[in-house]
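The following exercises treat the geometry of a protein model, each with a worked solution. Please attempt each task on the coordinates before reading its solution.

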Amino acid sequence: WWDRIGSRPISGIPKLVLSEAGNFPEIARFYVDEVVRPGRETIAALVRRGIARREFRDVDPEAASHLLVAPLLMIALWRNSLEA
């Protein structure tokens with residue numbers, strides 16, 4: 001993830017969408033529908049598969065998807081906002 005997204009200028013898109021969501025709610029909704037939701041669903045499906053294969057313990061896949069994505073989003077926001 002870091003090599004393909006986090007370390008590249010594209011990592012600034014979440015910051016842009018979040019900062020402009022109030023001014024452009026239709027763009028924010030599009031981003032949620034086309035990027036955020038499919039990404040969370042993919043991660044949740046991977047967690048479900050890992051649970052079924054007994055590779056992961058039984059957890060809430062949706063909560064796990066949020067917990068896996070949150071640090072990546074924070075790194076991207078930090079890098080594009082506060083890092084010198």
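**Exercise 1. An acidic residue and its partners**

Determine the relative accessible area of D33 and its exposure class, and then establish which residues are linked with D33 in a network of salt bridges.

*Solution.*

Step 1. D33 has a relative accessible area of 29% and is therefore partly exposed; the class covers values between buried (under 20%) and exposed (over 50%), computed with a 1.4 Å probe on protein chains only. The model is a predicted one, in which local features require pLDDT of at least 70 and side-chain atom pairs pLDDT 80 or more, whereas totals for chains, interfaces and linings use all residues. Numbering starts from 1 along each chain as its sequence is written, and side-chain values rest on heavy atoms, without hydrogens or water.

Step 2. Search around the carboxylate of D33 for salt bridges (a side-chain nitrogen of Lys or Arg within 4 Å of a carboxyl oxygen of Asp or Glu). The side chain of R29 makes such a bridge with D33, at 3.7 Å from N to O. A further bridge joins D33 to R37, whose closest N and O atoms are 2.7 Å apart.

Step 3. Place the partners in the secondary structure, where helices (H or I, at least four residues) and strands (E, at least two) are DSSP runs numbered from the N terminus. R29 and D33 are 4 residues apart in helix α3, which means that about one helical turn separates them. R37 and D33 likewise both belong to helix α3, 4 residues apart, or about one turn of the helix.

Step 4. Assess the exposure of the arginines. R29 is partly exposed because its relative accessibility is 46%; the value for R37 is 32%, so R37 is partly exposed as well.

Step 5. Combine the two bridges: R29, D33 and R37 form a linked network.

**Exercise 2. A bridge between helices**

How many salt bridges does the structure hold, and which parts does the pair of E62 and R48 tie together?

*Solution.*

Step 1. The count of salt bridges is 3. In general, side chains of opposite charge can pair when their charged atoms come close.

Step 2. E62 bridges to R48, with 2.3 Å between the closest N and O atoms. Because E62 lies in helix α4 and R48 in helix α3, this pair ties together parts that are 14 residues apart in sequence.

Step 3. Check accessibility at each end. E62, at 38% relative accessible area, is partly exposed, and R48, at 39%, is partly exposed too.

**Exercise 3. Aromatic geometry**

Find the aromatic pair of the structure and classify the angle between its planes.

*Solution.*

Step 1. Rings of Phe, Tyr and Trp (its six-membered ring) pair if their centres lie within 6.5 Å; planes under 30 degrees apart are stacked, over 60 edge-to-face, and the rest tilted. The structure holds 1 aromatic pair.

Step 2. The pair consists of W1 and W2, with ring centres 6.0 Å apart and 45° between the planes, which makes it tilted.

Step 3. W1 is partly exposed at 40% relative accessibility, and W2 is partly exposed at 37% relative accessible area.

**Exercise 4. A backbone torsion in a loop**

What is the phi value of R54, and where does R54 lie?

*Solution.*

Step 1. Phi of R54 is near 65°, which is positive although the residue is not glycine.

Step 2. R54 sits in the loop between α3 and α4.

Step 3. With 78% relative accessibility, R54 is classed as exposed.

**Exercise 5. The overall fold**

Describe the elements of the protein, its extent and the separation of V36 from R4.

*Solution.*

Step 1. The protein has 4 helices and 0 strands, arranged α-α-α-α from the N terminus on.

Step 2. The C-alpha trace spans about 45 × 30 × 20 Å along its principal axes. Of the 84 residues, 18% are buried.

Step 3. Consider contacts (heavy atoms within 4.5 Å). Of those between residues at least 6 apart in sequence, 45% join residues at least 24 apart.

Step 4. V36 belongs to helix α3 and is partly exposed, at 28% relative accessible area. From V36 to R4 the C-alpha to C-alpha distance is 17 Å, with a sequence separation of 32 residues.
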